Amino acid sequence: MINAPRLLNGNSTPSLPDTLFSDLQIDKILSPQAIAVLQHLCEPSEIMRRNELFLLLDNSNNVAHVENTLSVLCATERALYLLKDAKIPLDIYYRQAELFESYLASCEALASMYNIGELFADVANHYSSEESQKLRSEMEKSAHKIRSLLREMSAGLLSFADKNWLTPDYDAVSEIDSISECAKNLGFAAPAKKPQNTKINLSLSDAVCHLYSDKVAQIEAEIAKYTDVDFYEPTSYISEIKFFLEIYSLLQRATHIGVPHCIAKLSQTPQYIAKELYDVSLLAKNCESIVPNDADFTENEPFCFLLGANGGGKTTYLRALGVNLILFLAGCPVFAKEADIYPFDIVLSHFPRDERFDNTGRLDEERKRTEEMLNTAQNKVAFLFFNETFSGTDDKRGFDLLIDATKKIEADCHFGLYVTHFHEVMSLDYPVLSAEVDSSDANKRTFRIVRSKGSASSYAADILKKYRLDKDSLAARRCGHGN
Amino acid sequence: MAISILYLNERKNYVKPISDRILYHLSLDRSFSHICADIKKREYFLSVVSDLTNDQNEILYRQAIIKDFENNPTLLEQLISLSTRFEELRITQKTAGRDEYRLNATGTASSATAKNILQAQALCLKRALLFIKAYGELLEKYELKSDGLKSLYSSCKEMYECPDYAKLITFCSKYENFSASRYWDFKFALNDEGRIEAYELIDHRYIHVTDPELKKKGFSLFKKAEEVTYPCQRLAPAKDGLYERLAVFALSDLSGAFAKISEQIFEKYGLIGRELIFYDVSLKYIQALSGKEVPVRYPIFTEDQSIKVRNLYDLYLLMSKPNTSSVIPNDFMLGKANGGLLVFGNNGSGKTVYLRSIGTMQILAQAGLPIPCESAEITLFSQLATQFSEAEKEFCEGNDAGRFEQEVRELAAMVDTLKEGSLVFLNETFQSTAYAEGAEGLYHLLKHFSAFNIRWILVSHLRQLEEMFENNEVTILHTAEGYKIV
């Protein structure tokens, strides 16, 4: 048997650290399962295959198709769980019938995905093979037969007196049905029966199986034909499909508040250029509008500082860059009008930590982490994010450490953004961005990230007028009513 | 659908209910406190009266029922007695239903308890069915003229003459004595998931068992006729209590069915008991007026919007004064062309009493009642509103207005909500500001009402108004000596 192809290649390296996702608040908008996928960076070819799939998900029919497949696969997963859990013979037969049916539906659903991108086409081809179709054809007949036999065993009469009996039910009319009939004929609504959904017990299962022993033998013979089938195989796609749908759902949420998305161009030279880049982590705060900003990191100016007022959107800008870069590297669309991004080897972040520093001071801890970060990035085309690093000390010492780190970054040709309140960075030979009030927006206190250069009548008449009961207002009311 | 002896199934021209404030302004609450001492009955009666209708058919429907009860006072007494017991049964049934709900919700129900509840519900349904027959048999004894009582009789008769009525009584009797049964038999069905989706009580006649143990022991020297062997299987005892739980479910389902039918009977016939209160108070009202030797007339409804009432008495004065002769009746005329009526007069000259007597008459007439007058030809209004000069409202949040502003606020609300075909009663309105300014404001407002075909009656001291209106635009009356309005 040939192994089924995968939708997500989990072997790619290296893996992005967990802290990056918490620093960028991605863990607030995506599930741990989706983050686990994002942690694995894709090869450029894989990015393109995933991009193709996301482009196809712009068509709602394709989304419905994928969602339907997912729900069918989940039904198989549930059927497998229930079968494993079943202990009573009659219950096992029902669960087995359900598993056959849902397995068949899963294979059919996967085989039907041939026109939803290259990724799904591989899977569809696997499930459309001759071998697979032959197995399904046989299993379909068996499932029908088992269902039919179970239906013949599914009704009966129970009598409780000195001895308790089970007999077949030929034509018994229940008392509640007879009473309902009388009620209807008297002009009353028939009383609704309460829904019943109770698991059978061993006593009833044994009695039914004995009463219909010939049918039970036929069911067992059908089940025995498929002991070699791996029913778990299609369910392995569940988590993979869920990833694509979760990202799709994020795209929809953003679209709902007017945030666009696009497929970023795969740049051949190291750069990160984007127009109107949005920080979608703000969706976690149920923001109704998000202010976009541009990104312009090229080989000539790969690194810059970001200064600005508190609450001016510095960290938001950093997150906008980081979140979208990670999405791009996992083959997902980015939240921007347009983007041209290089597939960086690694993305790392340095944010202040809230932990208690029992053995070392905060500064030592930050310095240690910076060193580790720069060591990890060595010999790679990396994008590094620093947020108020070395702010836990006096200005002089902090600024010196900042200069040290910057030199190392420059030497290793890394890309990056350093958010800081050290205004002394203006004196360094690096581009400096700053968060400034958007003058074009008269009503909102919004900031844009920009390149830095260096807020009578009588009493009664009045009252009548106030309540629109004066002569003129009454006339106006009449006009309003067509008089 | 519930049977009503007050409301027609489809009321035409639904009208906004009148507020308690209007009843208060017109002293209807005080008038009826002299007629009916029972507060609950009086409140219900006034709630019916407040639920204003301008559907002439509905008013005539009530008038006919009142006349039937006037002619057959014992019928009303017997119906009230029957419906009181019917209401008690409804409460008993509700209590049994609550017990069942409690037991099911807490999971403490046993099959024995479920059986007791089933017996109680079967008994309640049987009694409810028998009540319908009793209603029918009672009404059959009287020569009825009103459509309301006749349709109640037909509905009861139709039910108890249906063959399924007797069948249902038989079912009720069977489960009323369910504890005597030796067998508990059920049918079950499994759904496609192999779970029990139905578990229902059946009659024992459906059970056919050939016990293999008895067959083995059977011995005879004679050749027997061919015996029928029924397929069956002994059930092993279940320790998990499943059969007990299912039995509770099936019994509870059946008692739920009995309860549901009972509830529908109570819903269909349950209004009658309450509605009889209206007729009970109505008869007391007629008797009170007759006791005062005052003429009582059912009004005639005109199509041309004219109003002509001869010698109209004020109900409150009639009920509160010991001597009827001290209550002066007055005529009330309003031509179809006149939008409004202005009444001027000195303090204590009877202006407010006159306004009140007209308001009371209009409300009672639209409720289907006769009115204290010699003759009445009236028109029906879609809405009634009053604005009586009052003291400043007590300080409360949001009320920062003085007395004049309060009045303006109330009138603004009226202007917003009143529709064509309404009648407005205004008593000393806008007299809390400079008279000239008040009159000016009021004039434009009254003209506005007239323009919208909203008719109005104003009693006032603002004589300036008399000059503002043109001839024949409004009817103007003045109080005269001896509380006469001329």
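In what order do the four strands of the open sheet in chain A stand, and is the pairing parallel, antiparallel or mixed? The order in chain A is β3-β7-β4-β5, and the pairing within this open sheet is mixed. The model described here is predicted, and the points below take up that sheet, then the contact between chain A and chain B, and then chain B itself.

**The open sheet of chain A**

- The edges of the sheet are held by β3 (265-266) and β5 (293-297) of chain A, and because each of these has a single partner strand, one side of each is left without a neighbour in the sheet.
- Strand β4 (residues 272-277) of chain A runs antiparallel to strand β7 (residues 338-341) of chain A, and the two are joined by four bridges; within this pair, A:I273 has A:D340 in β7(A) as its bridge partner.
- Helix α13 (residues 314-329) of chain A packs on the sheet, where it touches β4, β5 and β7 of chain A, and the direction of the helix makes about 115° with that of β4(A).

**The contact between the chains**

- Chain A contributes 58 residues to the contact and chain B contributes 68 residues.
- On the side of chain A that touches chain B, the elements giving two or more residues include the helices α6 (89-111), α9 (175-185) and α10 (202-211), together with the strands β1 (155-160) and β2 (164-167); α9(A) gives the most, with seven residues.
- Sorted by class, this side of chain A has 29 nonpolar residues, along with 16 polar and 13 charged residues.
- Strand pairing also crosses from one chain to the other, since six bridges join β1(A) to strand β1 (residues 184-190) of chain B, with the two strands running antiparallel; in this pairing the bridge partner of A:L158 is B:F186 in β1(B).

**Chain B**

- The secondary structure of chain B consists of 16 helices and 15 strands, and of the 486 residues in this chain, 44% are buried.
- Where contacts in chain B join residues at least 6 apart in sequence, 78% of them are between residues at least 24 apart.
- Strand β6 (residues 307-312) of chain B is joined by four bridges to strand β7 (residues 330-334) of chain B, the two running antiparallel, and B:I307 has B:L334 in β7(B) as its bridge partner.
- β6(B) also pairs in the antiparallel sense with strand β10 (residues 375-378) of chain B, over three bridges, and here B:R310 stands opposite B:S375 in β10(B).

Technical notes:
Residues are numbered from 1 along each chain as its sequence is written. Chains are lettered from A and ligands numbered from 1 in the order in which they are written. This is a predicted model: local features need pLDDT of at least 70, side-chain atom pairs count only at pLDDT 80 or more; totals for chains, interfaces and linings use all residues. Two residues are in contact if their C-beta atoms, placed from the backbone, lie within 7 Å. Ala, Val, Leu, Ile, Met, Phe, Trp, Tyr, Cys and Pro count as nonpolar, Asp, Glu, Lys and Arg as charged, and the others, Gly among them, as polar. Two strands pair if DSSP finds at least two bridges between them. Axes are lines fitted to C-alpha atoms, for helices over the stretch in contact, and angles run from 0 to 180 degrees between N-to-C directions. A residue is buried if 20 or more other C-beta atoms lie within 10 Å of its own, exposed if 12 or fewer, and partly exposed in between; C-beta atoms are placed from the backbone.
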